[in-house]
Amino acid sequence: MRILSGIQPTGRFHWGNYFGAIRQYIALQNGKESAFYFIANLHALTTIRDKKQLEQNTLDAALDLLALGLDPNQATLFVQSDVPEISELCWILMTTTPMGLLEKCHAYKDKKAKGLTAHAGLFTYPVLMAADILLYDSNLVPVGEDQDQHIEVCRDIAGAFNHTYGETFVLPKAHIVQDAAKVPGLDGGGKMSKSYNNTVEVFESLNVQKKKIMGITTDSRPMEEPKDPVGDHLFALYSLFASAEQTAMLADTYRRGNFGYGNVKKELVVLAEQFFAEARSRREELSAKPDEVRAVLATGAATARKKADEVLQRVKNACGL
Ligand code: ADP
Ligand code: TRP
């Protein structure tokens, strides 16, 4: 069973990334051959145009993942572009991928709908993502809900190739944890995302974090009024960090009414700080040893390339290259 996922180094990770994706990576790691995780810097090239920033983000992503519990003895961690086989497979897949499949993908469709010009990298983004998954015979792909469509597209792309050339690729499945499939943003408007500027970053300073949490949007109904915890974003954020008992108690409080959102926020500040305290101090330690982190990435790339080479040979054999 191969587990694989990638995450773009487009900024520092936020709670949505952690609970929706990274926490699953860590829970599922069980051996270097079984769990492959990579930093998707080729995908990030579609948005980051600054060399220094991309390099720094890539290193930061590695540090963050290791600090959060990704264990190089239990998983293979590498940088996407350190496995050049990926670009070769991407081209081969492009030749059997129907345009229509890519035209319906959200990222591209949304940009077009807004009248913005899209470049070919955005349009073919899902093919590169399919190559990421198929290059390692991946079975299970832990991601947040917003990536589900891309995994479906990957299955279609694999299916189209298999149909043309015979069984070549393993069909992957998405692994989405429903409790954290969609972490809401601080504004309560939808999902937490760096594109909406409504995030709390996992490792940002505690002061900034506190300010952001205290500023979570809430409604202005009177304090006494009973409230429904279901669908309330402050409640949802709180329950990510709280124990089952604490969550049940807060649900009770909501239903009874007569409480202030400010107190809930204050508790959330404390819970979040405790939750990530250990990771935060590990991050400090690791940031003093960037060369060790680079060595982990180099070893990871070597492991990944071995598998990539095997699959790419199979693919080239199948299609006459
Ligand atoms: P962003 O939307 O901030 O740009 P990415 O698209 O880079 O985040 O997402 C990286 C990973 O984190 C993906 O697996 C994605 O599904 C997951 N993820 C991002 N935001 C959320 C969220 N609010 N809730 C759950 N998972 C999320
Ligand atoms: N598109 C994913 C995201 O934005 C990142 C990604 C790239 C990925 N390649 C992947 C995720 C392969 C899972 C598998 O989050």
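Is D64 buried or exposed? D64 is buried, with a relative accessible area of 2%. The legends below start with the whole chain, turn to the two ligand sites, and end with single residues. The model shown is predicted.

**Figure 1. Overview of the predicted model.**
The protein has 15 helices and 5 strands. Its radius of gyration is 21 Å, close to the 20 Å that the globule rule gives for 321 residues, so the protein is as compact as a globular protein of that length. Along the principal axes, the C-alpha atoms fill a box of roughly 70 × 45 × 35 Å. Of the 321 residues, 50% are buried. Take the contacts between residues at least 6 apart in sequence: 78% of them join residues at least 24 apart. The exposed surface comes to about 15400 Å². Carbon and sulfur atoms supply 52% of that surface.

**Figure 2. The shell around ligand 1.**
Ligand 1 is surrounded by 18 residues. The closest are H14, D146, V183, S193 and K194. Sorted by class, the shell holds 7 nonpolar, 7 polar and 4 charged residues. Helix α1, residues 15–28, gives the most to this shell, with 4 residues.

**Figure 3. Polar atom pairs at ligand 1.**
Two backbones and one side chain are shown here. At G16, a backbone N or O atom lies 3.2 Å from a nitrogen atom of the ligand. At M192, a polar backbone atom is 2.9 Å from a nitrogen atom of ligand 1. N17 uses its side chain: a polar atom there lies 3.1 Å from an oxygen atom of ligand 1. The protein covers 92% of the 540 Å² of accessible area that ligand 1 has on its own.

**Figure 4. Close-up of N17 in helix α1.**
N17 sits in helix α1, the helix that gives the most residues to the shell around ligand 1. N17 is buried, at a relative accessible area of 16%. The cut-off for buried is under 20%. Beyond its neighbours within four places in sequence, N17 is in contact with I7, R12 and I22.

**Figure 5. The shell around ligand 2.**
Here 14 residues surround the ligand. G6, Q8, Y125, D132 and Q147 are the closest. The shell divides into 8 nonpolar, 5 polar and 1 charged. Strand β1 (3–7) and helix α8 (125–134) each supply at least two of its residues. The largest share, 4 residues, comes from α8.

**Figure 6. Polar atom pairs at ligand 2.**
Three side chains are in view: Y125, D132 and Q147. An N or O atom in the side chain of Y125 is 2.7 Å from a nitrogen atom of ligand 2. A polar side-chain atom of D132 lies 2.7 Å from a nitrogen atom of the ligand. For Q147, a side-chain N or O atom is 3.1 Å from a nitrogen atom of ligand 2. On its own, ligand 2 has 370 Å² of accessible area, and the protein covers 90% of it.

**Figure 7. D64, a buried residue in helix α3.**
Helix α3 spans residues 51–67 and includes D64. The relative accessible area of D64 is 2%. Leaving aside neighbours within four places in sequence, D64 is in contact with R12, F13, F203 and R283. R12 is also among the contacts of N17.

**Figure 8. P184 in the loop between β5 and α10.**
The loop that holds P184 runs between β5 (173–175) and α10 (206–214). At 14% relative accessibility, P184 counts as buried. With neighbours within four places in sequence left aside, its contacts are G190, K191, M192, H233, A236 and L237. One of these, M192, places a polar backbone atom 2.9 Å from a nitrogen atom of ligand 1. Q8, one of the closest residues to ligand 2, is 176 residues from P184 along the chain. Their C-alpha atoms are separated by 20 Å.

**Figure 9. T253, a partly exposed residue in helix α12.**
T253 lies in helix α12, residues 244–256. Its relative accessibility is 22%, which counts as partly exposed. V230 is 23 residues from T253 in sequence. From C-alpha to C-alpha, T253 and V230 are 13 Å apart in space.

Technical notes: Residues are numbered from 1 along each chain as its sequence is written. Chains are lettered from A and ligands numbered from 1 in the order in which they are written. This is a predicted model: local features need pLDDT of at least 70, side-chain atom pairs count only at pLDDT 80 or more; totals for chains, interfaces and linings use all residues. Side-chain values use heavy atoms; hydrogens and water are left out. A residue is near a molecule or strand if one of its heavy atoms lies within 4 Å of it. A polar contact is a pair of N or O atoms within 3.5 Å; within protein, one must be able to donate a hydrogen and the other to accept it, and residues adjacent in sequence count only if both atoms are side-chain atoms. Accessible areas come from the Shrake-Rupley method with a 1.4 Å probe; for residues, only the protein chains shown count as cover. Ala, Val, Leu, Ile, Met, Phe, Trp, Tyr, Cys and Pro count as nonpolar, Asp, Glu, Lys and Arg as charged, and the others, Gly among them, as polar. The radius of gyration is taken over C-alpha atoms; the globule rule is 2.2 Å times the number of residues to the power 0.38. Buried means under 20% relative accessible area, exposed over 50%, partly exposed in between (1.4 Å probe, protein chains only). Contact means heavy atoms within 4.5 Å.
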